[in-house]
Amino acid sequence: MANSDGVFIYIGTYPNEEEARDDYDAVKELHAAGALGTYDASVVTKDDQGKVHVNKDETSTRHGAWGGAAAGALVGLLFPPAIIGTAAVGAAVGGVGGHLWKGMSRADVKEFGDLIDDGQAALVIVGEITVSDAVEKAALKARKHIAKELDVSPDDIDKAVREAATEVS
């Protein structure tokens with residue numbers, strides 16, 4: 001079990017992007033109501049050519065505390081760069097991904113990647129440990145899901161996101 005200052009990861013799979021986006025919207029509503037701490041979320045899909053896409057709406061990306069970098073970094077760890085169909089993952093994978101990788105075993109990475117492969121769409125959430133309670137209470141409608149707590153400092157993720165943002169701008 002991770003410490004109370006750790007990072008929480010949730011991946012849920014859905015038969016289509018619309019259902020994943022419905023749960024993504026539910027998470028955003030929880031954040032708007034003040035029920036979530038720092039988090040990042042995105043909907044992940046695969047196209048007919050097998051490319052993975054990290055889909056976010058611009059408002060969420062601009063106002064998200066981790067600026068869209070944490071979920072993208074996790075996806076960047078799970079899939080080889082050649083099949084990721086978006087540049088949004090780029091800068092985040094280095095620093096943020098390194099911190100997330102420290103908290104995961106190879107078995108975790110395989111389990112997360114295999115789960116995303118099983119569905120047509122996935123919701124990926126990376127946040128502070130406090131996010132886990134809110135996600136559990138939200139009763140998200142994923143067909144399958146995995147939720148893990150990592151012994152990784154949210155402060156380290158914050159720092160890595162800031163560094164990635166300066167590299168991009």
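A residue counts as exposed here when its relative accessible area is over 50%, and as buried when that area is under 20%. With those cut-offs in hand, Asp 155 is a handy first case: its relative accessibility is 56%, so Asp 155 falls in the exposed class. This aspartate sits in helix 7, which covers residues 154–168. In sequence, Asp 155 is 149 residues away from Gly 6, yet the two C-alpha atoms are 9.4 Å apart in space. The model discussed throughout is a predicted one.

Stepping back to the whole chain, the protein has seven helices and five strands. Going along the sequence, these elements come in the order β-α-β-β-α-α-α-α-β-α-β-α. Of the 169 residues in the protein, 44% are buried. The exposed surface comes to about 8300 Å², with carbon and sulfur atoms supplying 49% of that area. Contacts that reach across the sequence are well represented: taking those between residues at least 6 apart, 81% link residues at least 24 apart.

Strand 1 makes a good starting point for the strands. This strand spans residues 7–14, and eight of its eight residues are buried, so strand 1 is largely enclosed by the rest of the structure. The cover applies to both faces: one side carries the buried residues Val 7, Ile 9, Ile 11 and Thr 13, while Phe 8, Tyr 10, Gly 12 and Tyr 14 are buried on the other. Strand 1 also has two pairing partners to consider. Strand 4 (residues 121–128) runs antiparallel to strand 1 and is joined to it by eight bridges; within this pair, Ile 9 stands opposite Val 126. Strand 5 (residues 144–150) pairs with strand 1 over seven bridges, again in the antiparallel sense. Here Phe 8 of strand 1 stands opposite Glu 149.

Strands 2 and 3 form a hairpin, with five residues between the strands. Strand 2 covers residues 39–46 and strand 3 covers residues 52–55; the two run antiparallel and are joined by four bridges. One of the paired positions is Val 43, whose bridge partner in strand 3 is Asn 55. In this hairpin, Gly 50 takes a positive phi near 85°.

Turning to the helices, helix 1 runs from residue 17 to residue 32, and its 16 residues reach 22 Å from first C-alpha to last, close to the 22 Å expected at 1.5 Å a residue. The buried residues in helix 1 include Ala 20, Asp 23, Tyr 24 and Val 27. These four cover an arc of only 105° around the axis, which puts them on the same side of helix 1. The other side of helix 1 has Glu 18, Glu 29 and Ala 32 as exposed residues. Both ends of this helix have a local detail to look at. At the start, a side-chain oxygen of Asn 16 comes to within 3.2 Å of the backbone nitrogen of Glu 18. Just after the helix, Gly 34 has a positive phi of about 85°.

Helix 6 (residues 131–138) can be read in a similar way, with Val 131, Ser 132, Ala 134 and Val 135 buried. Viewed down the axis, the buried residues of helix 6 fall within an arc of 165°, so they line one face of the helix. The buried residues of helix 6 pack against strand 1, helix 1, strand 2, strand 4 and strand 5. On the face turned away from this buried side, Glu 136 and Lys 137 are exposed. Just after helix 6 comes Ala 139, placed in the loop that leads between helix 6 and strand 5. Phi of Ala 139 is near 50°, a positive value in a residue other than glycine.

A last aspartate rounds out the picture. Asp 108 lies in helix 5, residues 106–118. Its relative accessibility is 13%, so Asp 108 counts as buried, whereas Asp 155, at 56%, counts as exposed. Setting aside neighbours within four places in sequence, Asp 108 is in contact with Gly 103 and Lys 148. Lys 148 falls within strand 5 (residues 144–150), the strand that pairs with strand 1.

Note on methods:
Residues are numbered from 1 along each chain as its sequence is written. This is a predicted model: local features need pLDDT of at least 70, side-chain atom pairs count only at pLDDT 80 or more; totals for chains, interfaces and linings use all residues. Side-chain values use heavy atoms; hydrogens and water are left out. Buried means under 20% relative accessible area, exposed over 50%, partly exposed in between (1.4 Å probe, protein chains only). Two strands pair if DSSP finds at least two bridges between them. Contact means heavy atoms within 4.5 Å. Accessible areas come from the Shrake-Rupley method with a 1.4 Å probe; for residues, only the protein chains shown count as cover. The expected span of a helix is 1.5 Å times one less than its number of residues. The arc is that of the directions from the helix axis to the C-beta atoms. A polar contact is a pair of N or O atoms within 3.5 Å; within protein, one must be able to donate a hydrogen and the other to accept it, and residues adjacent in sequence count only if both atoms are side-chain atoms.
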